[in-house]
Amino acid sequence: MSVVQPSAYNTAAQAMNQGEQEVTLMLRGIACRLMDEGVKAILDQVGLRGKFSLVYVPCVVANKSNLGYAFVRFRTWAYAEECFRLCDGNPFGLAAQGKLCRVTLANIQADMTSVLGN
């Protein structure tokens, strides 16, 4: 998936009419040892429990590490904006010192459950 740069975040929101449809965000700069359950736990801890429907963390099985990013599908646009406010520019998990999470809108807003086989 490609991402919309943060400067285009508000334009994308307007284009989507900020409706009740689900929205997928990309969280970059996450701790390298986090997998799906770890990302879910951190999202729950920051106050987003029940506000997302899917988490996908691409990983390298041989290294037991992720690729440094995750995709999170939020139930509404308002929940996605809340994630942006809570996570963007802050450490996500036990990341290396100075490593900050960057939240962007995923360019492709398809139903990821069919892609992932969930």
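## A buried salt bridge

K51 and E82 meet in a salt bridge, with 2.8 Å between the closest N and O atoms. Let's start with where the two partners sit. K51 belongs to the loop between α2 and β3 (52-56), while E82 is part of helix α3 (residues 77-87), so the pair links distant parts of the chain, 31 residues apart. Are these two charged partners buried or exposed? Both K51 and E82 are buried. Please keep in mind that this is a predicted model.

E82 has company in its helix: the buried residues of α3 are W77, A80, E82, C83 and C87. Just after α3 comes G89, which has a positive phi, near 85°.

## The chain as a whole

Stepping back, the chain has four helices and seven strands. Their order along the sequence is β-α-β-α-β-β-β-β-α-β-α. The chain has 118 residues, and 39% of them are buried.

How much of the contact pattern comes from residues 24 or more positions apart? Among contacts with a separation of 6 or more, such residues account for 70%. On the outside, the chain exposes about 6,400 Å², and carbon and sulfur atoms supply 51% of that area.

## Two more salt bridges

The structure holds five salt bridges, and two others are worth a look beside the K51 and E82 pair. One of them joins the side chains of E37 and K40, at 3.3 Å from N to O. Where do E37 and K40 lie relative to each other? They are three residues apart in helix α2 (residues 36-48), which puts about one helical turn between them. An α-helix has 3.6 residues a turn, so residues three or four places apart point the same way. E37 is exposed, at 57% relative accessible area, whereas K40 is partly exposed, at 27%.

Another salt bridge is formed by R102 and D88, whose closest N and O atoms are 3.6 Å apart. R102 lies in strand β7 (residues 102-106) and D88 in the loop between α3 and β7, so this pair ties together parts that are 14 residues apart in sequence. R102 is partly exposed, with a relative accessible area of 38%. D88 is also partly exposed, at 22% relative accessibility; the cut-off for buried is under 20%.

## The nonpolar core

In soluble globular proteins, nonpolar side chains tend to be buried together. Here, the largest nonpolar core has 24 residues, and those with the most contacts inside it are L25, L27, V39, L43 and F92. Which elements supply at least two residues each to this core? They are β2 (23-28), α2, β3, β6 (69-74), α3 and β7.

L27 gives a good view of these surroundings. Leaving aside residues up to four places away in sequence, L27 touches L43, G68, Y69, A70, V72, C83, F92, C101, R102 and V103. Two of these names have come up already: C83 is among the buried residues of α3, and R102 is the salt-bridge partner of D88.

## A buried threonine in β2

T24 lies in strand β2. Is T24 buried or exposed? With 0% relative accessibility, T24 counts as buried. The side chain of T24 makes a polar contact of 2.7 Å with the side chain of R73.

## Aromatic pairs

A pair of aromatic rings is described by the distance of the centres and the angle of the planes. The structure holds two such pairs. In one, F52 and F74 are arranged edge-to-face, 6.3 Å centre to centre with 75° between the planes. F52 lies in strand β3 and F74 in strand β6, so the pair ties together parts that are 22 residues apart in sequence. F52 is buried, with a relative accessible area of 11%, and F74 is buried too, at 0%.

The other pair is made by Y69 and F71. Their ring centres are 5.8 Å apart and their planes stand at 80°, so this pair is edge-to-face as well. Here the partners fall into separate classes: Y69 is partly exposed, at 23% relative accessible area, while F71 is buried, at 5%. Y69 is also one of the residues that L27 touches.

Key. Residues numbered from 1 in each chain as written. Heavy atoms only, no water. Buried < 20%, exposed > 50% of the residue type's maximum accessible area, 1.4 Å probe, protein only. Contact = heavy atoms within 4.5 Å. Areas by Shrake-Rupley, 256 points an atom, 1.4 Å probe, with all protein chains shown as cover. Salt bridge = Lys/Arg side-chain N within 4 Å of Asp/Glu carboxyl O. Core = buried A, V, L, I, M, F, W, Y, C linked by side-chain atoms within 4.5 Å. Polar contact = N/O pair within 3.5 Å; in protein donor to acceptor, adjacent residues only side chain to side chain. Phe/Tyr/Trp six-rings, centres within 6.5 Å; stacked < 30°, edge-to-face > 60°.
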